[in-house]
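The following note is offered to a colleague who is meeting this structure for the first time. Its points may be read alongside the sequence and the model.

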Amino acid sequence: MWTAVLRACVVSLAMVLMGIAVGCTPDTIGGADQPPQVDDGSGAAVPDNPDDPVMGDGSDDDPPPDGTIRESAVWSHAFDASLSGALSAVWGNSPDDVFVVGGTPEQGEIYHYDGEVWRVMRVPPVPILVWVYGFGPDDVYAVGVGGGAVHFDGSTWTALSTGTDEDLWGVWGRGPDDIWIVGGSVGQGEPVLLHYNGVEFSSSAVPSNDRNASSLFKVWGIGSKVFAVGERGLIIQYENGSWFSVPAGPDADEDFVSLWGTSEDHIVAVGGRSGARIAVYDGENWTTSKIAGVPGLNSVCMDEPDEAVVGGVEGYVGSFDPFTNTLTAESSNTNLTVHGGWADGAGRYYAVGGRFVAPFVGVALVRTFGDPGFEATFPLAAPPECVIDADCGLGRVCAAGDCRLAAGCDGEDGDSDGWADSCDNCVDIPNADQADSDGDDVGDACDVCAGSDDGLDDDGDGVPNGCDICLAGDDAVDTDSDGVPDACDVCAG
């Protein structure tokens with residue numbers, strides 16, 4: 001199955017994460033009731049001339065096309081991601097608790113910032129992770145291609161069984177028991193819409209749409225408003241227990257990829273493949289604008305009502321004012337695609353991206369005003385996960401500090417939890433996390449006697465010693481029904 005997934009995900013990644021459009025980028029464009037304008041640096045707005053903007057030569061080190069630059073905003077490398085896979089999303093619980101996800105079709109990657117250094121985190125065997133969202137330092141979720149999903153409990157990332165092998169592009173929730181996940185296979189099938197209640201995933205009905213959209217790319221909400229955006233300009237809204245499609249105007253004719261906002265009546269969605277599309281929600285209606293001369297956009301994040309920081313194809317980054325419908329370009333100093341962004345609430349904006357086709361490579365940027373005060377370095381390595389095989393649990397071996405699947409753990413998987421029966425510590429009940437709190441090689445999901453070794457049963461009555469009422473005989477034989485098995489009954493009858 002994974003071979004097919006990996007093959008398909010390379011195509012999907014190139015189409016969804018990287019985009020297919022390249023455009024020239026003037027500096028300031030906007031005004032809802034006027035043609036696109038470009039600031040030529042003189043202070044007077046003049047009509048945009050498509051022959052004027054300057055493009056880079058296409059190399060990774062060239063800056064994006066971007067007219068006159070906002071000098072006050074400085075984009076720098078947050079860390080050196082030149083040896084990383086492509087990076088697709090960033091989210092944080094606070095300025096000193098930031099997570100970046102990405103990877104390659106073969107393996108997802110996660111990086112963490114603790115306020116001082118970036119460090120590689122250990123990730124279960126899942127393909128590239130596409131989006132990340134959480135509710136605190138010990139409750140973070142990430143989803144990705146092939147139905148992959150992982151959860152962080154403050155110390156360990158654990159794989160989750162979503163029940164689908166469709167690509168998952170976005171995750172957001174009101175709380176740990178009310179999480180939405182969206183996805184789908186680009187260009188075929190139906191969009192994927194999952195709900196997670198903290199215990200299990202369930203599929204939700206996607207409203208019919210006249211756009212033949214097969215994928216939803218992101219979901220996000222604030223207050224009573226929850227929206228998901230996707231292919232071909234599709235926007236759906238959740239209200240009173242059901243989802244329904246909402247119009248976004250005639251210019252909503254290409255993919256919307258991401259959305260963010262600061263209030264129920266102030267939300268911005270971005271996208272576009274042939275060129276940028278920006279939609280603004282005022283509490284009642286969505287209004288979409290085509291931004292001429294700007295490449296397709298993938299990311300948007302907001303910390304203040306009058307500014308949405310956006311990113312997209314060819315390393316494009318910019319500042320969009322929803323009130324004036326004005327987009328101002330900034331310089332990212334990269335031509336790699338920007339895919340995800342996040343504001344830390346303390347003045348910094350992060351943007352991540354990369355090359356989403358082989359050879360995969362990442363870029364991690366941070367926006368400050370003035371000198372960022374640091375130099376980008378490679379993330380520190382993750383601490384060893386194991387020293388000996390026993391540190392890894394059933395079906396896994398320790399290899400160079402990492403726990404890996406043991407040989408022979410790739411056969412039939414009866415409960416479809418990602419673990420072959422021969423190495424599954426709970427064969428009949430799905431338990432992708434393989435949690436085994438008492439270390440008896442029997443997963444918690446089917447542990448007969450939690451806290452004790454299920455394999456120890458001195459009297460052979462099927463009840464492990466730790467939970468055995470009578471170690472001298474069969475607990476099930478209790479002739480006088482007094483709750484004491486006959487073998488240990490002092491006064492039988």
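How many salt bridges does a search of the whole structure find? The model under review is a predicted one, and the points below begin with that question.

1. The search of the whole structure yields 8 salt bridges. Side chains of opposite charge can pair when their charged atoms come close. Three of these contacts are described in the next points, beginning with those of R277.

2. In one salt bridge, the side chain of D253 meets that of R277, with an N to O distance of 2.8 Å. D253 belongs to the loop between β20 (242-245) and β21, whereas R277 is part of strand β23, so the contact ties together parts that lie 24 residues apart in sequence. The two partners may be set side by side: D253 is partly exposed, at a relative accessible area of 35%, while R277 is buried, at 5%.

3. R277 also meets the side chain of E254 in a salt bridge, here at 3.3 Å from N to O. This pair again links distant parts of the chain, since E254 sits in the loop between β20 and β21 and R277 in strand β23, 23 residues apart. Both R277 and E254 are buried. Which residues are linked with R277 in a network of salt bridges? The network consists of D253, E254, R277 and K290.

4. Strand β23, which holds R277, is part of an open sheet of 4 strands with antiparallel pairing, in the order β21-β22-β23-β24. The edges are taken by β21 (256-263) and β24 (286-291); each has a single partner strand, so one side of each is left without a neighbour in the sheet. Direction ignored, neighbouring strands of this sheet are turned by 20° against each other on average. Within the sheet, β22 (residues 266-271) and β23 (residues 276-281) run antiparallel and are joined by 5 bridges. I267 has Y281 of β23 as its bridge partner.

5. A further salt bridge joins the side chains of R367 and E307, with 2.8 Å from N to O. R367 lies in strand β31 and E307 in strand β26 (residues 307-312), so this pair ties together parts that are 60 residues apart in sequence. R367 and E307 are both buried.

6. Strand β31, the location of R367, belongs to another open sheet: 4 strands in the order β4-β31-β30-β29, paired in the antiparallel sense. Here β4 (73-79) and β29 (337-343) are the edge strands, each with a single partner, so one side of each has no neighbour in the sheet. From one strand to the next, the twist averages 30°. The antiparallel pairing of β30 (residues 349-355) with β31 (residues 361-369) extends over 7 bridges. At one position, G354 stands opposite G362 in β31.

7. The last point concerns internal space. Rolling a probe the size of a water molecule over the atoms shows where empty space is left. In the whole structure, 3 cavities of 30 Å³ or more are found, and the largest has a volume of about 110 Å³. Its lining comprises 16 residues, of which W131, V132, W220, L259 and W260 are the closest to the centre. Two or more lining residues come from each of β5 (86-94), β9 (129-136), β13 (168-175), β17 (216-222), β21 and β29. What is the make-up of this lining in nonpolar, polar and charged residues? The lining residues divide into 13 nonpolar, 2 polar and 1 charged.

Key. Residues are numbered from 1 along each chain as its sequence is written. This is a predicted model: local features need pLDDT of at least 70, side-chain atom pairs count only at pLDDT 80 or more; totals for chains, interfaces and linings use all residues. Side-chain values use heavy atoms; hydrogens and water are left out. Two strands pair if DSSP finds at least two bridges between them. Axes are lines fitted to C-alpha atoms, for helices over the stretch in contact, and angles run from 0 to 180 degrees between N-to-C directions. On a 1 Å grid over the protein atoms alone, a cavity is a set of points where a 1.4 Å probe fits but cannot get out, and a pocket is an open set with protein on both sides within 12 Å along at least five of seven lines; lining residues have an atom within 4 Å of a point. Grid points are joined across faces, edges and corners, and a volume is the space filled by probe spheres set on the points. Ala, Val, Leu, Ile, Met, Phe, Trp, Tyr, Cys and Pro count as nonpolar, Asp, Glu, Lys and Arg as charged, and the others, Gly among them, as polar. A salt bridge is a side-chain nitrogen of Lys or Arg within 4 Å of a carboxyl oxygen of Asp or Glu. Buried means under 20% relative accessible area, exposed over 50%, partly exposed in between (1.4 Å probe, protein chains only).
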